[in-house]
Amino acid sequence: MSDTAMTDTLSRLAEVLESRKGAEADSSYVASLYHKGLNKILEKVGEESVETILAAKDAAVSGDCSDVIYETADLWFHSLVMLAALGQHPQAVLDELDRRFGLSGHAEKAARSQN
């Protein structure tokens, strides 16, 4: 997948998530999450995090990564819902990751702890 395809996918998804904000709760899963509030969205992010971890542990033993890919997609999706609920676009995360290129992970972590 090209960088353009990746950002196009994230942008298209962000548009859909944004459009669901004003929708009736029973019209879509995302609209129902928005109506339940940020705490429910965060619960889903936590749940999907655990499921992703367990799938990764299983994949390490079985060599089959299909479940970890599926669960990671769920985690990313719910993370994007969380960002949208907070008024953020996925581009902000991509910009932050881009900013970190060329930085030592140790140096970046040390810089954060000094602030």
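1. In this predicted model, the axes of H2 and H3 lie 5 Å apart and make an angle of about 120°. The two helices are therefore oblique to each other, since an angle that is neither under 35 degrees, nor over 145, nor within 65 to 115 falls in that class.

2. The contact of H2 with H3 involves Tyr29, Leu33, Tyr34 and Lys36 on the H2 side, and Lys40, Ile41 and Lys44 on the H3 side. By residue class, this contact comprises 4 nonpolar and 3 charged residues, with no polar ones.

3. Ser32 also belongs to helix H2. Is Ser32 buried or exposed? With a relative accessibility of 15%, Ser32 counts as buried, because the cut-off for that class is under 20%. The Ser32 side chain comes to 2.5 Å from the backbone oxygen of Tyr29, and Tyr29 is itself one of the H2 residues that meet H3.

4. Helix H3 covers residues 38-62, 25 residues in total. From first C-alpha to last, H3 reaches 36 Å, close to the 36 Å expected at 1.5 Å a residue. Just after H3, Gly63 adopts a positive phi of about 80°.

5. Which residues of H3 are buried? They are Ile41, Lys44, Val45, Glu48, Thr52, Ala55 and Ala59. As background to such a pattern, an α-helix has 3.6 residues a turn, so residues three or four places apart point the same way.

6. The packing partners of the buried H3 residues are helix H2 (29-36) and helix H4 (66-85). Ile41 and Lys44 are among these buried residues, and both also appear in the contact with H2.

Note on methods: Residues are numbered from 1 along each chain as its sequence is written. This is a predicted model: local features need pLDDT of at least 70, side-chain atom pairs count only at pLDDT 80 or more; totals for chains, interfaces and linings use all residues. Side-chain values use heavy atoms; hydrogens and water are left out. Helices (H or I, at least four residues) and strands (E, at least two) are DSSP runs, numbered from the N terminus. The expected span of a helix is 1.5 Å times one less than its number of residues. Buried means under 20% relative accessible area, exposed over 50%, partly exposed in between (1.4 Å probe, protein chains only). Contact means heavy atoms within 4.5 Å. Axes are lines fitted to C-alpha atoms, for helices over the stretch in contact, and angles run from 0 to 180 degrees between N-to-C directions. Ala, Val, Leu, Ile, Met, Phe, Trp, Tyr, Cys and Pro count as nonpolar, Asp, Glu, Lys and Arg as charged, and the others, Gly among them, as polar. A polar contact is a pair of N or O atoms within 3.5 Å; within protein, one must be able to donate a hydrogen and the other to accept it, and residues adjacent in sequence count only if both atoms are side-chain atoms.
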